[in-house]
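Q: Please take a close look at one small part of this structure. Start with a single side chain, and then work outwards to what lies elsewhere in the chain.

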Amino acid sequence: MNWYDKAIVYQIYPKSFQDTNDDGIGDLQGVIAHLDYIKNLGFNTIWLNPIFVSPQVDNGYDVSNYFAIDPILGDMDDFTEMMDKAHHLGLHIILDLPINHTSDQHPWFKDAVNNPNSIFKDYYIWHKQVNGHEPNNWGSFFGGSVWEKNPNNSEEYYFHLFDKKMPDLNWKNPEVRKSIADIAKFWIEKGVDGFRLDAFIHIAKANLEQNSLIQDEQFPADDTFYAKLPKVKDYLATFVREIKDFKPDTFLFGEASSANALDAAEYTRPDEDGCDVVVNSGNYGEVYDDSNPDVPGFFQTRRLSLDRLKKTYVTWESVLANISLPTLTWGNHDISRLRDRLNLPIDNEDVSKLLATLMYLQRGMPIIYYGEEIGMHGLKYQQVSDFDDQRAVDLINTLHKKSFKDEEILKLLNNQDEMTARGPMQWDDSQYCGFSNKEPWNWGQTDETNVSAELKDSKSLATFYKNLLSMKKHDCFTNGDYQLLITDPEIYAYLRQTRDNKGIVVTNFSNKVKKFTLPEEKWKKVLANKVKLTNNELILDPWGSCALESKI
Ligand code: GLC
Ligand code: CA
């Protein structure tokens, strides 16, 4: 058993958590200021989005110096103070480590571009032009080609899967692999407990001399050539071995937005030097409302399909049983907040309580995005031009061409764009939510929920999360195996069982009253919202949810 087998993770977007020097940007002192809050809610692990020096083209995922803290967030003294205080409270800290690319301002890349004899040239991926064009038609995840011209040699291109200011590293080069491992070791020596390996399934690329056959776009983003290639496992294994030899209980959590359960198994098999867990961004059981074919899938209204959610988790739970822990999450910084993106009666707090109960008591590691515990909505921007992230800009251009009105586009973006999910944490009801005294770097209209009010209220969502996380620590909900119970299609119920303890979770995913007969056993309610238990029968009000336990 490692400490991370019991990790309950709180994700912090540092720029948006708490500003302590009134520049409108959250900082490490702001994280320090709320360690107690995080601990009291029941978390034992914090994952921070990237905090290294960065031009902030992609909010820190574009790193220009891996060995220092970005000055907007603080300095190494703040970092050390944060580590010490977190550890003192029994909190582990995980850093986000972009390993697939650097910033184009990284000294390696600058030298590669400016120095004809640079030893860093081979740290990146280059190709000469083909017939005066890009070497192939592969598309970047951020739009356009993956190729961008070398600023000092117009006949040659470098490869970037994300923004053009984020050139991909060449993992074929052993020096690159060594450099990334050295970065990780540097931070381990500073006390870091683990890393989120950003975009790790992309570190290997196919032979560059081939084209995608996808027809409908000039530069299709075609995963076949740059995701989950066999070499990823080899590179990963060398890295993992080196890190685990250096400090065996370093937690490695691999981020693979497109991974399915089989991929997660493949990258976490014990004895194969893989990640400890894999997190993707697609287990929310959502189905797109295809009523508007002009709108790309990602921006469409979504409906939560309980059926799909059940199938997803039955698959993940069964495929990963005896291999690794599934990750349990409702969102992150790359997707709009749960309350905005779904067409559920989500402003009903019972729905939020139900969603939390059914998700986090499953077998697996909860990863909870800051603000979810108080039911925060995303920011609402006032006009289309307030959106400047690449995906939004592309959408605006596409929909303008199709004669969409600005107000329609604004609604889609406010409900679905990732920037809305990166708003300031709402600590109190003051002008800038207690986040700062200055207008935050990312700002729009907010809702009223805030930590200070939530903590005073014994029936609030935050109090419910606290109770839920304390239940999660019980033997059956941490260690038990998972079994779906076949019931009414609008009920999600499952059993968790260890040698000594049994737990059951029953949730009513509907606006009708439902009855549920428990298996013959002496059950005790340990967590409940809108549920009554008489004899062995549960009466669940609309959106009611509960967890019960019994000794074996
Ligand atoms: C991951 C991050 C995302 C970032 C990308 C490139 O998908 O979650 O925010 O843009 O990697 O680093
Ligand atoms: Ca600040």
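A: The side chain of Gln416 reaches the backbone oxygen of Gln300, at 3.1 Å. The model is a predicted one, and this contact is a good place to enter it. Gln416 is found in helix H12. Its relative accessible area is 2%, and buried means under 20%, so Gln416 counts as buried. What else is Gln416 in contact with, leaving aside its neighbours within four places in sequence? The residues are Phe298, Phe299, Gln300, Thr301, Arg302, Ser336 and Arg341. Gln300, which supplies the backbone oxygen, is thus part of a run from Phe298 to Arg302 in that list.

Next comes Glu418, which is found in the loop between helix H12 (406-416) and helix H13 (451-456). Is Glu418 buried or exposed? With a relative accessible area of 11%, where buried means under 20%, Glu418 is buried because its value falls below that limit. The side chain of Glu418 makes a polar contact with the side chain of Arg391, at 3.2 Å. Arg391 is also among the residues in contact with Glu418 when neighbours within four places in sequence are left aside; the others are His333, Asp334, Ile335, Ser336 and Asp389. Ser336 therefore appears in the contact list of Gln416 and in that of Glu418. Distance in sequence can be set beside distance in space here: Glu418 and Lys401 are 17 residues apart in sequence, and their C-alpha atoms are 22 Å apart.

From here the view widens to the sheets. Strands of a sheet pair through backbone hydrogen bonds, either parallel or antiparallel. One open sheet has 8 strands, in the order S11-S10-S9-S5-S2-S1-S15-S14, with parallel pairing. Strand S11 (277-279) and strand S14 (327-328) stand at its edges, and each has a single partner strand, so one side of each is left without a neighbour in the sheet. Further in, strand S5 (residues 92-98) and S9 pair in the parallel sense over 5 bridges. Leu97 stands opposite Leu197 in S9. Helix H6 packs on this sheet and touches S5, S9 and strand S10 (251-255). The direction of H6 makes about 155° with that of S10.

A second open sheet has 3 strands, in the order S6-S8-S7, and here the pairing is antiparallel. Its edge strands are S6 (126-128) and S7 (147-150), each pairing on one side only. From one strand to the next, the twist averages 40°. S6 and strand S8 (residues 153-159) run antiparallel and are joined by 3 bridges. His127 stands opposite Tyr157 in S8.

The loop between S6 and S7 holds Asn131. Asn131 has a phi near 50°, a positive value in a residue other than glycine. Is Asn131 buried or exposed? Its relative accessible area is 74%, and exposed means over 50%, so Asn131 is exposed. Asp271 also has a positive phi, near 70°, and is likewise a residue other than glycine. Asp271 lies in the loop between helix H7 (261-266) and S11, and it is exposed, with a relative accessible area of 80%.

Aromatic rings come next. The whole structure contains 40 aromatic pairs. In one of them, the rings of Trp138 and Tyr226 have centres 5.7 Å apart and planes at 65°, so the pair is edge-to-face. Trp138 lies in the loop between S6 and S7, and Tyr226 in the loop between strand S9 (194-198) and helix H6 (230-246), so the pair ties together parts that are 88 residues apart in sequence. Both Trp138 and Tyr226 are buried. Phe251 and Phe253 form another pair: their ring centres are 5.7 Å apart and their planes at 25°, so this pair is stacked. Phe251 and Phe253 are both buried. Trp138 and Tyr226 also belong to an aromatic cluster, together with Phe141, Phe142, Trp147, Phe159, Phe162 and Phe225.

Finally, some rings have a charge over them. The charged end of Lys121 sits over the ring of Trp126, 4.6 Å from its centre. Lys15 lies over the face of Trp441, at 4.3 Å from the ring centre.

Definitions and conventions
Residues are numbered from 1 along each chain as its sequence is written. Chains are lettered from A and ligands numbered from 1 in the order in which they are written. Side-chain values use heavy atoms; hydrogens and water are left out. Two strands pair if DSSP finds at least two bridges between them. Helices (H or I, at least four residues) and strands (E, at least two) are DSSP runs, numbered from the N terminus. Axes are lines fitted to C-alpha atoms, for helices over the stretch in contact, and angles run from 0 to 180 degrees between N-to-C directions. Rings of Phe, Tyr and Trp (its six-membered ring) pair if their centres lie within 6.5 Å; planes under 30 degrees apart count as stacked, over 60 as edge-to-face and the rest as tilted. Buried means under 20% relative accessible area, exposed over 50%, partly exposed in between (1.4 Å probe, protein chains only). A charge sits over a ring if NZ of Lys or CZ of Arg is within 6 Å of the ring centre and within 35 degrees of the ring normal. Contact means heavy atoms within 4.5 Å. A polar contact is a pair of N or O atoms within 3.5 Å; within protein, one must be able to donate a hydrogen and the other to accept it, and residues adjacent in sequence count only if both atoms are side-chain atoms.
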